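Got your viewer open? Take a seat and follow along; each stop tells you what to select and what to look for there.

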Amino acid sequence: MMNQIPEVIRTVPLEYYLYFSTALFVIGVIGVLTRRNAIVIFMCVELMLNSVNLLLTALSAYRSDPNGQVFVFFIMAVAAAEVCVGLAIIVMIYRNIRSTDVQLLNYLKW
Amino acid sequence: MTSIILLSVFGIINLFVGFLKSNRILLPLALLFLAVVFGANLFNWNDTQSYFNNMLTIDNYAVAFTGIMVLSTLLLIPFSQRYIDTKDENLAEYYSLLLFSLVGAVMMVSYENLIMLFVGIEILSISMYVLAGSDKKSLRSNEAALKYFLMGSFFTGVLLFGMVMIYGATGSFNITEIGAAQVSADGVTNTMFVLGLLVTIIGISFKISAAPFHFWTPDVYQGTPTLFTSYMSTIVKTAGVAAFYKLMASAFAASYTTWFPTLIAITVLTLVVGNIGAVVQKNVKRMLAYSSISHAGYLLMSLIAFNERSDSSIFFYSLAYSTATIAAFGVLKLVADQRKDETFEAFNGLGRTNPLLAFAMTVSMMSLAGIPLTAGFFAKFFVFASVLEDANLMWLVVIAVLLAAVGIYYYFKVVIAMYMRPAENQEKVGVNSFTSFTLIFITILTILLGIVPALVSDIL
């Protein structure tokens, strides 16, 4: 069963994975640039990371090379660490200003 | 590898020492640990070794840059004295995070595989997100942490996307194999490769705060507690530029013509934005932030030169820049803590009240501006000399020299405030003897490297 998974992945042409992941990535980028809520921005960043994960898995299956899938684990672990720190920062800010709107924070100007 | 292991272990030990009631032991302990790491690191000189299936290689390049970064941290933490005096309860965590983030920095200069580059960047960045927000009650620090975190993780995603595209085109994460891979000149593979290359450059440019990806730098640097700002502008930048050069030299040497125009545009823009931006600042910390952007531009110039002198010129520039920046931020921290003011006016009359601080600040400003007899002069000289090996790049050096002249203006605003402006009932800034000793040491190092640069300029 396990050996068949790469073959199942390969039934869809590589270009499709490429376009799909790029589309997800671009949606994430647009979300980061247009949203105002820190948590939604953060979710868009996670979407970007996951589109990369998807592409890595597809590429790795196409090349029959495990390196790509190992990288996926690294990305997941690092993303988890980033979530810890990021949510802690957002909670800290929420305690101080009772909001997670990034545009309310504009104390740093010249 | 010894330095990575030692830094991790020492970081954990430091964390546990934090359970003790006394904060006084933490600073000597952290200094001792860093000194041990600095010494242990030197033992790897001329002894190239690979670890983890060739994912990390400790060669002379890695040892040299690890040396700079550990030395910078060593010179920087004596300025944390005030946290000890005010009995900050999280002091042990700050030192541990500095040690842990150094692990990431060491990985960034010794990676042989893009996975290790990514993990290194993240270890460094995640620690810095925490340290940027370490002043929990201050809204400025909160804002800096949030901006740094959101922008940092966004550009981490961008960097990853680039790495994956490169993997898709070449089928490997190993930078030597990427360099050797044959990419066909047209078709999807080539598009992926070029896209991956450019997006990776964007991702790393953010980390070293090169324009147009510098927009976070002034805000984050200003909001972050000064001690950690100086860490960001020295260690993070050194590691970023060293990683950038290593990536370009090993993986993308063959595609030089593809990335060269992009990098030239980034460099010129960085030099202009950094130097012009610094001129209009009223806040010294913000001015130093823009100055660090401009120095990223000078560092990128030796990347553009891309010849056998690039690595030693990056090494010398990083060393000169780090020492001068640490002294500048250190004096700024002492003055701003005492006078509750970070503008140029805070420095008024410092030459009369604190001759030592004023002198150290003057030397560091001269070094950052590139005045002869300081390390900064030879740093700029080596960079320009390596760029000039390609005579077509004369125009770039001319622009850089003109902008360095602009730099003299804003650096000397601090010096003028210290010596020419009268002190209006300004008090003497209290400095303990250990911090003074550190400042004297940095000043001597800066002047020494400005007189005999040959001490370290040819070691790579």
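What pLDDT does chain B average, and what share of its residues score at least 70? Chain B averages 89, and 98% of its residues score at least 70. Keep in mind that you are looking at a predicted model. For the complex, the predictor gives an ipTM of 0.93 and a pTM of 0.94. A word of caution while you click around: where pLDDT is low, the predicted coordinates should not be read in detail.

**Stop 1: the start of chain B**

Select residues 2-17 of chain B, which form helix α1. How far apart should the ends of this 16-residue helix be? At 1.5 Å a residue the expected span is 22 Å, and the end C-alpha atoms of α1(B) are indeed 22 Å apart.

Now colour S3(B), I4(B), L6(B), L7(B), F10(B), G11(B) and N14(B): these are the buried residues of α1(B). They cover an arc of only 165 degrees around the axis, so they sit on the same side of the helix. Here's a handy idea to go with that picture: an α-helix has 3.6 residues a turn, so residues three or four places apart point the same way.

What do the buried residues of α1(B) pack against? Show α2 (26-42), α3 (60-76) and α5 (91-110) of chain B, and you have their partners. Then turn the view around. On the face of α1(B) turned away from the buried side you'll find the exposed residues I5(B), V9(B) and F16(B).

**Stop 2: a loop between two strands**

Stay in chain B and pick N53(B), in the loop between β1 (49-51) and β2 (56-58). Is N53(B) buried or exposed? It has 9 C-beta neighbours inside 10 Å, so N53(B) counts as exposed. Check the backbone too: N53(B) has a positive phi of about 55 degrees although it is not a glycine.

**Stop 3: the nonpolar core**

Next, go for the largest nonpolar core, which has 197 residues. Select M107(B), M108(B), V109(B), A239(B), A328(B) and M361(B), the residues with the most contacts inside this core. Which helix gives the most to the core? That's helix α7 of chain B, residues 139-170, with 19 residues.

Zoom in on A328(B). Leaving out residues up to four places away in sequence, A328(B) touches L288(B), M361(B), S364(B), M365(B) and L368(B).

**Stop 4: a glycine in α9**

Select residues 188-207 of chain B to light up helix α9, then find G196(B) in it. G196(B) counts as buried because it has 21 C-beta neighbours inside 10 Å. Which residues does G196(B) touch, not counting those up to four places away in sequence? Show G162(B), M165(B), I166(B) and A169(B) to see them. For a longer view, draw a line from G196(B) to I459(B): they are 263 residues apart along the chain, and their C-alpha atoms are separated by 33 Å.

Now slide along to P212(B), in the loop between α9 and α10 of chain B. The bond to look at is the one joining A211(B) and P212(B), a cis peptide bond with omega of about 0 degrees.

**Stop 5: where the chains meet**

Show both chains together. How many residues of chain B are in contact with chain A? There are 36, and they meet 36 residues of chain A. On the chain B side, α6 (114-132), α7 and α10 (217-223) each supply at least two residues. Helix α7(B) gives the most to this side, with 17 residues. Colour the chain B side by type and you'll get 19 nonpolar, 10 polar and seven charged residues.

For a contact across the two chains, select I97(A), in helix α4 (residues 67-97) of chain A. Beyond residues up to four places away in sequence, I97(A) touches L104(A) and L139(B). I97(A) is partly exposed, as 13 other C-beta atoms lie within 10 Å.

**Stop 6: the end of a helix in chain A**

Last, pick α3(A), a helix of 26 residues that reaches 38 Å from its first C-alpha to its last, close to the 38 Å expected at 1.5 Å a residue. Where does S64(A) lie? Look in the loop between α3 (38-63) and α4 of chain A. Just after α3(A), S64(A) takes a positive phi of about 50 degrees. S64(A) is exposed, with 8 other C-beta atoms within 10 Å.

Conventions: Residues numbered from 1 in each chain as written. Chains lettered and ligands numbered in written order. Predicted model: local features only at pLDDT ≥ 70, side-chain atom pairs only at ≥ 80, totals over all residues. pLDDT = per-residue confidence, 0-100. Core = buried A, V, L, I, M, F, W, Y, C linked by C-beta atoms within 7 Å. Buried ≥ 20, exposed ≤ 12 C-beta atoms within 10 Å, placed from the backbone. Helix = DSSP H or I, 4+ residues; strand = E, 2+ residues; numbered from the N terminus. Contact = placed C-beta atoms within 7 Å. Nonpolar A, V, L, I, M, F, W, Y, C, P; charged D, E, K, R; others polar. Expected span 1.5 Å × (residues − 1). Arc of directions from axis to C-beta.
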